[in-house]
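Trainee: Could you take me through one part of this structure closely, and then connect that part to what else can be said about the chains? I would like a careful reading rather than a quick list.

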Amino acid sequence: MNMDVELAAWRTDWLADQPADSALLRPDLRRLVGRKRRKMALALAGQLLYGVALLVFSAWFAAHRPTLEWILWAAVIWGATFFAAGFGVRNTAGTWKALSESNAAFLALSRERCLRELRAMRFGRWFLAVQSAIVAGWLSLDYALHRLPRGRYFFGFAVTILMAVAYLEFFAYRERRSLRDLQRLDQFDDNA
Amino acid sequence: MQAMSSMDRGALTAQYERILDAYGPALTRLTSCYEWLPEAREDLLQEILLAIWKALPSFRGDCSEKTFAFRVAHNRCLTHAWRRGQSPKREDQLPEVADPRKSPETMAIDSRRRESLVAAIRALPVNYRQAITLALEDLTPPEIAIVLGVTENNVAVRLNRARKALRKILENRP
């Protein structure tokens, strides 16, 4: 048999198996999922540390000033911290690992993580509004009862407003990033 | 600086996707010459794709993307083969698991001849196996020489011997 004809015949048989592109797992997608998981773990560790610091500090402060006002203040801090932690745990549940090692599972997980992050930002805004209202009410009550001079009252209000603005800006940034990630995932979907 | 880095990453991703689109099926075929079981082939394919992704930043365009992809893949396969012991173990005791990606009709039509060819290629020594698979993927002898890091003369010798050995194996099969 002619060598080229023989090679061409083998090539025809060889190329007969054309695997679907979708069957190929994408390492870039896998990396994206892994990177996000590490970021989530870091964020969780940071939140835990922050939460524990808040709990310890408020408990220590209330123990050294055992008046009704400061015990109430510590109780509010503890309640809010546990409430936020509970939301955080519930919001990330089921988003730590893909259900299987496939492009579709990685995409579904990444999309779910973005949606959960958007939900967390909505929760954050609502929670911030409640906390700001409590702080504003507390400051105003102290001012009305003449326990707080005018200068410190306005200073406290200014700090509260500045912190709220900083948090809102942070939420907006995270929201933009999540929406951008969702768009990127749509592109993955088209190409996967 | 960060914008530049993100641009680079975007370009790399685009290049990777282009390589995956163009040579993904060929790389999948290549794995069938090194592993019998579909699960093991999938694992090897993942190793290859990861190696390509990692090697992409150092790719300076001194050869074509095709040559680059096959070179990385063949190096990966070579390491894999040496790690497992030269030729892939024939799991004669285990039935060949049907690839779930193919329809039964397609399998009935073309898988028999292809499986026979692939089985014969698997029986070849690694250096012949590399040369013949690249030739079957339509790479020219100069391209094969670049991929394997040998001279064109050496490629010609390997191809000639690989063909003879392959022909002999195929003729002796029922």
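Mentor: On the surface of this predicted model, Y50(A), F155(A), V159(A), M163(A), Y167(A), F170(A) and Y173(A) form a nonpolar patch, and together they have about 730 Å² of accessible area. The element that gives the most to this patch is helix α5 of chain A, residues 150-191, which supplies six residues. V159(A) is one of the patch residues, and its place is in helix α5 of chain A. With a relative accessibility of 31%, V159(A) counts as partly exposed, and since patches are made of residues with over 30% relative accessible area, that value bears directly on its membership.

Charged side chains are the next topic. Side chains of opposite charge can pair when their charged atoms come close. Over all chains, a search of the whole structure finds 13 salt bridges. One of them is between R167(B) and E6(A), whose side chains meet at 2.5 Å, taken from N to O. Because R167(B) lies in helix α7 (residues 152-172) of chain B while E6(A) lies in helix α1 (residues 3-14) of chain A, this pair joins two chains. The partners differ in their cover: R167(B) is partly exposed, with a relative accessible area of 25%, whereas E6(A), at 4% relative accessibility, counts as buried.

Within chain A, R176(A) forms a salt bridge with E169(A), and the closest N and O atoms of that pair are 3.8 Å apart. R176(A) counts as partly exposed at 48% relative accessibility, and E169(A) is likewise partly exposed, with a relative accessible area of 48%. In chain B, the side chains of R76(B) and E47(B) meet in a salt bridge at 3.4 Å, N to O. R76(B) belongs to helix α3 (residues 65-84) of chain B and E47(B) to helix α2 of chain B, so the pair ties together parts that are 29 residues apart in sequence. Here too the partners are partly exposed, R76(B) at 22% relative accessibility and E47(B) with a relative accessible area of 24%. Elsewhere, in chain A, salt bridges that share partners join K36(A), E117(A), R174(A) and R177(A) into one network.

A further residue of chain B deserves attention, namely S32(B), which is placed in the loop between α1 (2-31) and α2 (38-55) of that chain. S32(B) is buried, with a relative accessible area of 5%, and a polar atom of its side chain lies 2.4 Å from the backbone oxygen of R29(B). If its neighbours within four places in sequence are left aside, S32(B) is in contact with W14(A), R41(B), R114(B), V118(B) and R122(B), so that list includes a residue of chain A, W14(A), as well as residues of chain B.

Confidence should be kept in view throughout this reading. Chain B averages a pLDDT of 78, and 79% of the residues score at least 70. Over residues 90-101 of chain B, however, pLDDT stays under 50, and for this stretch the model has 19 contacts beyond four places in sequence. The scores for the model are ipTM 0.73 and pTM 0.49.

Methods:
Residues numbered from 1 in each chain as written. Chains lettered and ligands numbered in written order. Predicted model: local features only at pLDDT ≥ 70, side-chain atom pairs only at ≥ 80, totals over all residues. Heavy atoms only, no water. Helix = DSSP H or I, 4+ residues; strand = E, 2+ residues; numbered from the N terminus. Buried < 20%, exposed > 50% of the residue type's maximum accessible area, 1.4 Å probe, protein only. Polar contact = N/O pair within 3.5 Å; in protein donor to acceptor, adjacent residues only side chain to side chain. Contact = heavy atoms within 4.5 Å. Salt bridge = Lys/Arg side-chain N within 4 Å of Asp/Glu carboxyl O. pLDDT = per-residue confidence, 0-100. Patch = residues over 30% accessible without salt bridge, like charges linked within 9 Å, V, L, I, M, F, W, Y side chains within 5 Å. Areas by Shrake-Rupley, 256 points an atom, 1.4 Å probe, with all protein chains shown as cover.
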